[in-house]
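Q: I'm just starting to read structures, and I'd like to understand how the pieces of one meet. Please take me closely through the part where two domains touch, and then show me some other contacts to set beside it.

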Amino acid sequence: MAHIQLKNISKTFGNHTALTGLDLDIADGEFFVLLGETGAGKTTTLRLIAGLEKPSEGQVFIDGVDVADWGAAERDVALVLQQYSLYPRYTVRENLEFPLKPKIRRLPDAEIKDRVDRAARTLRIEHLLDRKTDRLSGGEMQRVSIGRAIVRKPRVFLMDEPLSALDAKLREALRTELKNLQMQLGATFLFVTHDQIEAMSMGDKVGVLNHGRIVQTGTPHEIYNNPRDTYVASFVGSPPMNLIDGRLVNGRAVMAPLNFELPFSGGAKASGATDGRPLVFGVRPEDVYLESGAPVEARVHDVENHGVEKILTLRVGDAMLRATVPARTDVAIEQAVRFAWNPDKVVLFDKGSGVSLRHAG
Amino acid sequence: MATTMITTLDRSSRAAARGLSDISIRNLFIIPTVLFLIVFNIFPLIYSLGYSFTDFRASTNAPANFVGLQNYRDLLNDPYVWSNFAITAKYVIISVAGQLLVGFGVAMLLNRDIPMKGLLTTLLLLPMMLSMAVVGLFWKLLYDPSFGIINYALGLGTFEWLSDPKMALYAVALTDIWMWSPFVMLLSLAGLSAVPKHLYEAAAIDRAGPFYTFFRITLPLVAPILMIAVIFRTMEAFKTFDLAYILTSQPTAELISIRLYKMAFQEWQTGRSCALAYIVLIMVLAITNIYVKYLNKVKER
């Protein structure tokens with residue numbers, strides 16, 4: 001169990017800058033998800049914490065102690081990688097025993113057996129214990145590599161996209177299992193992923209990373225409903241938030257190039273959304289609804305049926321808007337519909353900087 | 001499936017125009033090689049098997065008499081031949097073990113990010129590229145008691161490396177180690193660089209020490225390729241002739257191949273030397289087979 005803190009971390013590889021001025025604070029026992037696109041610096045952050053890389057600048061603290069001079073072994077972290085990295089030629093049991101067997105901290109045999117069996121039971125791989133690792137399926141391999149992490153009772157679990165190489169069904173199952181495991185162990189987890197659904201469903205807290213900077217940290221709820229800027233707004237959520245250019249005129253949202261108006265509840269007025277200032281209006285697809293008397297007309301461009309709901313792509317002028325509607329809504333492509341939005345849920349961003357007006361103030 | 005293995009002849013090609021079929025073209029390529037092999041390898045092999053049952057001497061015109069297994073019986077009862085085998089075994093063990101230690105050790109040193117690694121590797125490979133006879137002649141000069149650089153560098157005065165009966169075999173083995181360690185190094189490097197880096201990282205995370213990591217990860221993964229190096233080097237060391245023949249004439253360093261040479265071309269006991277050659281062949285085959293069995297077992301693990 002540990003509290004992890006990164007202070008002003010920068011990391012460069014030759015000419016390439018991976019991380020700039022990164023600050024991160026992960027509380028003890030927290031499930032923290034680091035979310036970002038490929039190449040955003042997620043893995044580098046993990047490796048810095050694990051001690052596999054040294055930061056070019058800044059400090060890493062584990063439980064308040066600066067661990068700059070500590071190797072991976074002393075930091076006492078567990079790392080689960082995307083490519084499993086099981087030890088070949090050994091059985092599952094031997095793989096699980098590996099971290100417990102080095103001479104310096106060799107545990108008594110009974111203790112080793114007990115821990116391995118417990119980990120195997122938790123991950124439901126008991127029947128595989130005597131199998132060679134090359135005879136396992138992807139999901140089984142990933143379980144074993146998670147098992148190798150939990151037998152040791154490390155201070156922190158670091159997971160680098162452990163689920164992304166698995167097929168969808170398995171990914172869902174392991175997602176729940178991992179979350180349960182974390183609650184059961186009460187351990188600090190740092191989970192890295194590019195999949196925003198994983199981030200939303202598993203994280204106590206989510207940090208969004210873009211080009212080596214943390215853009216926003218918060219609970220999944222905060223990140224989703226109150227994105228700090230247009231990057232977070234468009235990256236988190238599937239389908240992403242609709243972003244429409246416009247201005248605020250007399251308490252109404254007037255879309256600039258598109259020429260339509262929608263009502264706006266004045267919640268954000270206080271934070272400097274003066275009339276006429278160029279803005280970006282952000283609204284989640286589920287806050288866009290169809291209604292016969294609604295103010296704006298659009299055409300249905302595309303319909304995606306997801307079973308419980310339908311995702312419509314609406315065309316207004318030459319802009320596209322996504323709307324999530326109940327599956328029973330009966331629409332056809334190219335049909336003319338009228339839509340409105342839920343004015344309370346609209347987020348305003350500054351057109352120039354892309355930063356949300358709620359956060360700017 | 002079988003038909004796709006042979007590319008069918010293009011109907012409009014020149015070969016087709018000359019009335020050559022696929023099969024005749026195939027034969028055209030294969031038959032010369034096969035003939036060559038039969039004339040220069042297979043035929044002498046069988047012919048010498050025949051001689052090994054006679055008292056034939058190539059230096060006289062006396063007709064060869066069939067003596068049955070007499071040659072084999074005599075050879076296997078000859079204490080001198082057995083001592084040659086013992087010397088050879090000692091030589092093989094020393095030189096292969098030495099090459100393995102030096103070669104693998106250097107490979108471990110080279111298997112990291114160091115400046116000019118490519119150049120260094122190439123330079124280290126040079127001894128292997130030289131001819132055995134050249135190496136033998138050079139090392140004879142290096143070992144020379146009165147002006148050799150080895151005695152000069154080690155301050156050994158006029159130590160007789162090659163004329164000392166106790167030392168001669170070790171001196172030959174040392175030269176062989178110098179020459180062939182790069183070969184083991186090359187194979188080990190290939191094996192070492194094939195060990196995925198993330199395994200080492202995982203081991204570091206699992207708090208394994210350097211020895212534990214070496215014995216539990218590096219060695220098991222490199223073992224099969226090391227076994228291959230051992231097979232090659234053992235076979236070669238077993239039939240070492242030129243290096244030892246040039247370097248020393250000490251009877252304590254008389255390898256089985258030198259004995260064979262003397263028997264065949266100095267004593268002209270052609271029939272008996274054929275029999276000895278067959279005994280050596282069978283031994284090499286047996287040793288190689290045992291190795292290959294073991295290699296397969298290592299690979300399976």
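A: Happy to! In this predicted model, 38 Å separate the centres of domain 1 of chain A and domain 2 of chain A, taken over C-alpha atoms. If you want to find them along the chain, the domain assignment places domain 1 of chain A at residues 4–235 and domain 2 of chain A at 242–360. Where they meet, eight residues of domain 1 of chain A are in contact with ten residues of domain 2 of chain A. On the domain 1 side, these are three nonpolar, three polar and two charged residues.

Next, look at how the chains meet. Here 15 residues of chain B are in contact with 19 residues of chain A. Helices α10 (197–205) and α11 (210–238) of chain B each supply at least two residues of the side that touches chain A, and α10(B) gives the most, with six residues. By class, this side of chain B has nine nonpolar, two polar and four charged residues.

Finally, stay in chain B for a pair of helices. Helix α4 (residues 70–77) of chain B packs against helix α14 (residues 270–300) of chain B at an angle of about 65 degrees, with their axes 9 Å apart. The two helices are therefore roughly perpendicular to each other, and α4(B) passes α14(B) in a right-handed crossing. Residues of α4(B) in this contact include Tyr72(B) and Leu75(B), while those of α14(B) include Ala275(B) and Ile279(B). Altogether, the contact of α4(B) with α14(B) has five nonpolar, two polar and two charged residues.

Technical notes: Residues numbered from 1 in each chain as written. Chains lettered and ligands numbered in written order. Predicted model: local features only at pLDDT ≥ 70, side-chain atom pairs only at ≥ 80, totals over all residues. Axes fitted to C-alpha atoms, helices over the stretch in contact; angles between N-to-C directions. Helix = DSSP H or I, 4+ residues; strand = E, 2+ residues; numbered from the N terminus. Parallel < 35°, antiparallel > 145°, perpendicular 65-115°, else oblique. Left-handed = near helix turned anticlockwise from the far one by under 90°. Contact = placed C-beta atoms within 7 Å. Nonpolar A, V, L, I, M, F, W, Y, C, P; charged D, E, K, R; others polar. Domains from an automatic or database assignment.
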